[in-house]
Structure formats: C-alpha cells, structure tokens
Amino acid sequence: MSRLIAFCFLLLAAVLGFLHIDSRPIWAPFSEPSQEISQASESEEGQAPAPALIADPVTKADKAAKVTKIASPIASSISTPQPKFDWLPSTEAPSVHAASLVTLKDGSVRAFWFAGSREGAPDVVINSAVFDPKTASWSDPTVVIDRMGMEIGLSRYIAKLGNPVPARLADGRLQLFVVTVSMGGWAGSSISSMISDDEGKSWGRPQRLITSPLINLSTLVKSPALTFADGRLGLPAYHEWIGRFGELIRVEGSSAIDKRRMSSGRDSIQPAIFIDDAQKASAFFRQTRASSQAKKIPVSITTNAGQSWQVADDLDIANPNSAIAALSLKNGTRIMVLNNIEAGRHRLVMVMNRSGSSEWTVVQVLEDDEALPNEQRREFSYPFLLSADGGDAHLVYTWDRKKIRHIYFPAAWLKQTQSELDKQSLVDSEGAR
Amino acid sequence: MDNFMQHFALIELSFTCAVLMIWLIQKMMPFQLPVVARIIFAILFANLFFWPLGFSMALPLSAYVRGLTGDLSVVTSLLLWTSVLLNPKPIPLGFKWAMIVIAIAFYPFALGVGMMDPYAWGYGSIALLIAVLIFAIACGVANWTRAVWILAIAIIAWSVHWHESTNLWDYVLDPFLAIWALWAALYAIGQKRKEKARSGYLFRAG
C-alpha cells in the first residue's frame, strides 16, 4: 500500500516535472546588431587626410601574425578627432584590475573594476565611476559592493571578489555579474549577479548563478554579455580548474537556465564573441596551453545561435595567455585589443578587421615596453571595449596593476582608420595581380 | 521569493549539520536514541547552526558551511536525514553502485572532457527527467520505497525552483553523495570479505 502511495506521488512529481520543462523558453537566435552598410572604403567629403600606412616593421610577433601596421593616426591626422587618453579615478588602492564598461541611458558610460591591497585580498571591493562625455571627465569612484556585502547577500561565506561585468537587460535595468570565491584560488570561483533599477546608483541583493555540478566551483566571467532575440542574456563564461574551456550561459533574471560548451580541454578561456547574424558567431579565446603548444588565439564558431560550437583553426595572432577584448561597430567594423606577443603583457595593440576578410591588422600600438629590460616592463592587460553610440569605442585596461587606463576612440577616427585599411587592402590585392 | 530561498537553504543546511552531529553522537554512544529524541535534538542543534552566534562571525555557522559545500542535493539531504533520524531499511547496495557508475560517467564530461556536456541536460531535458523517473520506479520495484519518495520530492523541488539551481542534476546528485556511495560500497565489499574469511576459518578442514 505504501509503495502504491509512493508511486502516486512520483506520478505527481512527473507531471510537475514535465510541466516545468514545457514552460522552459526555447533557445532563441542571437539579437543582431543593427548594421549599416559599410561605407568604410568611401572617404567622406571634408574628412581629414588619411593616416599613412607603413610597411610592417619590427616585431617578431607581428610577423607571425601576418599583420601590417598603421603609423599612429594621432600624428598624421590633424582635423580628424583623435583618441583621448585618461585614467579611471583613483581609489588609493594599491592594486586595481579587470575594468569593464556599460552605456547608461543618458549616453554616459559607467565603469566597474576591482580594487584592494592586492588581487584576491579580502579587502578587494568592486568600484564604479561614471564618464560624462560632455565634460570628458569621470565622477568620483563609489563602492558597489565589498566582500561582507556579498556574504550577507548570498547567505554564505565569501573569501574574495573578482571580475565585474555589467550588462543591460531587455527591460532596461542594469545587471552586474561579479566573480566570487569562497575557497581556494580563482579556480574556486562562482558567478553572482545584482540588478540595479537606477542605472547603477544602487544595487539589489546579489544572487548566485549555479553553473557547475561540482559544488558550483570554477565558473568565471570576463567578457561582455550578448543578447538573444527573446531578450535574455548570453553570458560568455569560462572554467579554469579541472578543465579550462569556454561556455555560453543563457541567463534569465538571476538564474542560469541553460548553457553550451564553446571549447573543451585545458587550452582556452575568456571567450570574446563576434556575432555575424542571428545564427552565426565566432568566439576568440585567451589561450592557456602548455608551453610546447602554439601561442595563438583559439577560435570556436557556431552556426545555430550558440546551441553548439565547433573548434576552428587558431587565429594567426600571438597570445601570451592574456585576455582579449572584442567589439563590433554599427558599420560592420570589428576591432580587438590584445597583447600580440607570445610571452608577457608589456605590449598592447588595437587590431582591426579588413572589411569582408578574416585578416586583422594592427592599427594602433597602445602600450609597448618591448625596448625596456625584462624587469622594467609593465603589465598592460584585461582590455574591455564598449561602443556608446555604435560608432565610437571606449577602451579600458589594467595599467601595471596600479591604474586603469581609459581611451576614447571617436567614431570619425575609427571610420577613417577602417577606410585606410580597406584602401591598403585594395592596393595590396592589385599589387598581387 | 529569493529571500525565502536563501532562508530555506540555510535552514536545510543547518538541519543537515545537526543531523550529522546526531550521527556522530550515535556513533559514540553504546545505545540508540529513540526516534523522537533524535528529531528533537536535531531541531535544537539546527538552531545552533542557523542563528548568527556573534563573536567575530557576521554569518550563522551554516553560511560558512554553505560557502564550502554549496547547496546539497535534495536526495543527499533526505537520504541523510531519514537514515539518521528514522529507523529505515538499509540503503540497498545496488543503489550505491548505481550512484558510483552514474558519477563516474557524469563528472568527467560535465567538468570539461570533450564537447558533450551532460550537465546541460539538467536544464530542461525530457530524456533526463524520464531517466530519473525510471530509476525511481526501479527502486520502488526493488521494494525500496524510500527512494521513490525522495526522488519524487527532488523532482518537485526542481520544478518549483526550490534551490538557486535550475538544473535537475543539482537536485538528484552531488559530489558528497557520490563519495559516500563509493565509500559505502567499498566498505560493504570489505565487510563481505571479512565475513567470508571468518566462515572459511570456522569450516576449514582440521
């Protein structure tokens, strides 16, 4: 009799389970970035003279990547608005890292980063500041959350905080994903998230994303989220404990509702995604390979909106086990910021994709300590790119772990650079004939 | 609802810690406590873990445990609670072996071997739900009704999003259950060998 009652209860559970599965949202296509037809090769009337292209010089890494290099447009173009360099406001913390950005509704840009006595210290907090494009200045920094706030919100012990990554939800609110660790190093990380109704001035209670079956250990986030056509977020995450691989997590509210593996094994983390159309996308990774293996950028592609990924050939650009940032502009221009060297993080460049090709070209050397002795070289790492209006680009990156550098690339500068790049491609292809 | 979820998770874990204390006490005592006494003690001990104790700790004890273990699966919690607090039939060896086989097949792939991720099935795979139901029916047919109840409760908990996880795997399996199954199965093999050796000694030709 008791067995019969138990089976009846199981039947009830089965019905509820099936209803639950039936209520789950189906996987949606990518939300396509609204693209203009690329006019990059057509020079606009009244524009500044083009930045001059020079033949590929010097570094071994550049040769390996088969890239050409543009002389700094800063020097060559006078009337084209030039990139503007500044710093995120100081918090007096000795160590800062992992800055990220999000556009606010009024057109300003909010930055997040972590700061403390050292990376992984219990006193690390998540800081934020707002960049006003009208005055080109940053607000005073504020503390978004510290370790204790995270502990109380999540109702569990938290040892340290890590990478913050913001995203804009379909309903207009802001969501901030933050890496947290309860035990061990970064391999013991989990992702938590908070939601803000007031553009990041205040934040709701943090909540944990459950993404791994082994005590939810070892899921981190670094790259910006993408949006699916149904308004839900796709969060490019990665594991770095037993395996080192990328995953695309589908997020609804503060819960992971599905996820797909983007790579496997122990060689690729921190995916940065370029969306081609509603179904196709490619992901570029930070390589974490053994010293005997190629120090190139691993690539995965999808043709079904991220439901499955295939590992493709490496991108022929050197990567020293360091993060890359990727950005698509409205006109189709694609840029990445990365360390194009095989060891160290002392050189940081911007590369741009030639229209309609898979070739990447260094268009701006942002930092380069190549000439300095090893011990004097500084670290330039963890770049993060954002476009506030679809045509411009904001870049933030860690500057020697002491400061966060911010560079603003005006739309006109990027357009001009793309135009020159395409002209050069034309010259190259005609020369080849 | 989210606030309640956090409170329920802490209550659950506090009770689990309390039940583990009862189990330890039972191990040290020469006699078995009555069921009612065990339940009362478990509730009393659970309070110790649930309420913040002050001193230099900002959180209750169970929150520190939760930081290390996360939320235990519903199957683990209910198996532990019922095994320690009630006087149920012993857990069949077949269940332990099944858990070991599932864990060995599951964890390597779920943690990054290859591009197939069985953990992702837990978010909404009908096939996985049917597999769990068949497993529960098999336990019932094998006359272990407790498992039918426990698995049914786990499925219901998953469908109402009881824990933070939306993944069915997190409600039916966790590493602690797999480690316990492995230890218990090996212990059972050891016991059988001992018994065999003893009986062999008794009936050996002189």
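**View 1. A salt bridge joins A:Arg156 to B:Glu164 in this predicted model.** Start with this pair of side chains, one from each chain: the closest N and O atoms of A:Arg156 and B:Glu164 lie 2.5 Å apart. The pair has company, as three salt bridges are found across the interface of chain A and chain B. Polar contacts also cross between the chains, with 15 residue pairs found, both residues of each pair having a pLDDT of 80 or more.

**View 2. Helix α1 of chain A meets chain B.** Looking at the side of chain A that touches chain B, you will find five elements giving two or more residues each: α1 (2-23), α4 (147-154), β12 (207-209), β16 (244-252) and β17 (255-261) of chain A. Of these, α1(A) gives the most, with 15 residues. By residue type, this side of chain A divides into 26 nonpolar, 14 polar and 10 charged residues.

**View 3. Chain A and chain B share an interface.** Here 50 residues of chain A are in contact with 54 residues of chain B. The size of an interface is often given as the accessible area lost when the parts come together. For chain A and chain B, the buried area is about 4,500 Å², and carbon and sulfur atoms give 69% of that area. For the complex, the predictor gives an ipTM of 0.92 and a pTM of 0.91.

**View 4. Chain B is built with 10 helices and zero strands.** Follow chain B along its sequence and you will read the pattern α-α-α-α-α-α-α-α-α-α. Its C-alpha trace spans about 70 × 45 × 30 Å along the principal axes. Of the 206 residues of chain B, 49% count as buried. Among contacts in chain B between residues at least 6 apart in sequence, 73% join residues at least 24 apart.

**View 5. Confidence varies among the helices of chain B.** The mean pLDDT of chain B is 93, with 96% of its residues at 70 or more. Among the elements of this chain, helix α9 (residues 169-172) of chain B has the highest mean pLDDT, 98, and helix α10 (residues 175-202) of chain B the lowest, 89.

**View 6. Residues 35-76 of chain A call for some care.** Chain A averages a pLDDT of 90, and 89% of its residues score at least 70. Over residues 35-76 of chain A, however, the pLDDT is below 50. This stretch still has 86 contacts in the model beyond near neighbours in sequence. Where pLDDT is low, the predicted coordinates should not be read in detail.

Conventions:
Residues are numbered from 1 along each chain as its sequence is written. Chains are lettered from A and ligands numbered from 1 in the order in which they are written. Side-chain values use heavy atoms; hydrogens and water are left out. pLDDT is the predictor's confidence in each residue, from 0 to 100. Contact means heavy atoms within 4.5 Å. Helices (H or I, at least four residues) and strands (E, at least two) are DSSP runs, numbered from the N terminus. Buried area is the accessible area (1.4 Å probe) that two parts lose on being put together, summed over both. A salt bridge is a side-chain nitrogen of Lys or Arg within 4 Å of a carboxyl oxygen of Asp or Glu. A polar contact is a pair of N or O atoms within 3.5 Å; within protein, one must be able to donate a hydrogen and the other to accept it, and residues adjacent in sequence count only if both atoms are side-chain atoms. Ala, Val, Leu, Ile, Met, Phe, Trp, Tyr, Cys and Pro count as nonpolar, Asp, Glu, Lys and Arg as charged, and the others, Gly among them, as polar. Buried means under 20% relative accessible area, exposed over 50%, partly exposed in between (1.4 Å probe, protein chains only).
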